[in-house]
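Visitor: I would be grateful for a close look at one part of this model, namely its charged side chains and how they pair. Please set that part within the whole.

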Amino acid sequence: MVISSGGGQAGFTITLSQNAVIIPPGSTDSIDATVSSNSTYSGRVALRAENAPAGTSFKFNSRRVKVKPDFPGVSRLTITVSRDAQPGTYWVRIVGRDTKTGEESSTILRLIILSCPDPRL
């Protein structure tokens, strides 16, 4: 699912290497967020996560990516779930915003926090 805002179709889209992640409390996982041009778009896109549940953190290794036609920008997103995070299923919005025009595109990541901690810890 891709959502666009800012006065029409954004010139770029965001895709995730996984649309859902399952993480036990006290654990971390990573996925890639790829920002691609929808044809002729060139620019810098700032990435962020919205609606993250309490006890989690979402960190991009590159908060801003440069995008050109045929040259997508990729950022590694590391998701950390604390030991006291509430188990459940959450929908986190991954948003990209053009740093000049403000146009946005987003996609949804399904985060499943298990009820038991990772036994490897």
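**Salt bridges around a buried glutamate**

Guide: The natural place to begin is E104, a residue of strand β10, which spans residues 104-113. The model is a predicted one, and the description that follows should be read accordingly. E104 has a relative accessible area of 8%; since buried means under 20%, E104 is classed as buried.

Two arginine side chains meet the side chain of this glutamate. The side chain of E104 makes a polar contact with the side chain of R48 at 3.0 Å. A polar contact also joins the side chains of E104 and R97, again with a distance of 3.0 Å. The pair of R97 and E104 is in addition a salt bridge, in which the closest N and O atoms are 3.0 Å apart. The two partners of that bridge fall into separate classes of accessibility: R97 counts as partly exposed because its relative accessibility is 39%, whereas E104, at 8%, is buried.

R48 leads on to a further acidic residue. Its side chain meets that of E50 in a salt bridge, with an N to O distance of 2.8 Å. R48 is partly exposed, with a relative accessible area of 28%, and E50 is likewise partly exposed, at 23%. Strand β5 covers residues 43-50. Taken together, R48, E50, R93, R97 and E104 are linked in a network of salt bridges.

The structure holds five salt bridges. Among them is the one between the side chains of D32 and R76, at 3.1 Å from N to O. D32 belongs to strand β4 and R76 to strand β8, so this pair ties together parts that are 44 residues apart in sequence. D32 counts as partly exposed because its relative accessibility is 26%, and R76 is placed in that class by a value of 36%.

Charge is also found on the surface. R44, R63, R64, K66, K68 and K100 form a positive surface patch. Residues of such a patch have over 30% relative accessible area and no salt bridge. One of its members, K68, is located in the loop between β7 (64-67) and β8 (73-81). With 39% relative accessibility, K68 counts as partly exposed.

The loop between β7 and β8 also contains D70. D70 is exposed, its relative accessible area being 75%. Its backbone deserves attention as well: phi of D70 is near 70°, a positive value in a residue other than glycine. Most residues other than glycine have a negative phi. A second case is S39, which is not a glycine yet has a positive phi of about 140°. S39 lies in the loop between β4 (27-37) and β5 (43-50).

These details belong to a protein with 10 strands and zero helices. From the N terminus on, its elements run β-β-β-β-β-β-β-β-β-β. Of the 121 residues in the protein, 40% are buried, and E104 is one of the buried residues. To return to the part you asked about, the picture is one of E104 in strand β10, with polar contacts from its side chain to the side chains of R48 and R97, and with a place in the network that links it to R48, E50, R93 and R97 through salt bridges.

Methods. Residues numbered from 1 in each chain as written. Predicted model: local features only at pLDDT ≥ 70, side-chain atom pairs only at ≥ 80, totals over all residues. Heavy atoms only, no water. Patch = residues over 30% accessible without salt bridge, like charges linked within 9 Å, V, L, I, M, F, W, Y side chains within 5 Å. Areas by Shrake-Rupley, 256 points an atom, 1.4 Å probe, with all protein chains shown as cover. Salt bridge = Lys/Arg side-chain N within 4 Å of Asp/Glu carboxyl O. Lys, Arg positive; Asp, Glu negative; His and termini not counted. Charge placed at Lys NZ, Arg CZ, Asp CG, Glu CD. Helix = DSSP H or I, 4+ residues; strand = E, 2+ residues; numbered from the N terminus. Buried < 20%, exposed > 50% of the residue type's maximum accessible area, 1.4 Å probe, protein only. Polar contact = N/O pair within 3.5 Å; in protein donor to acceptor, adjacent residues only side chain to side chain.
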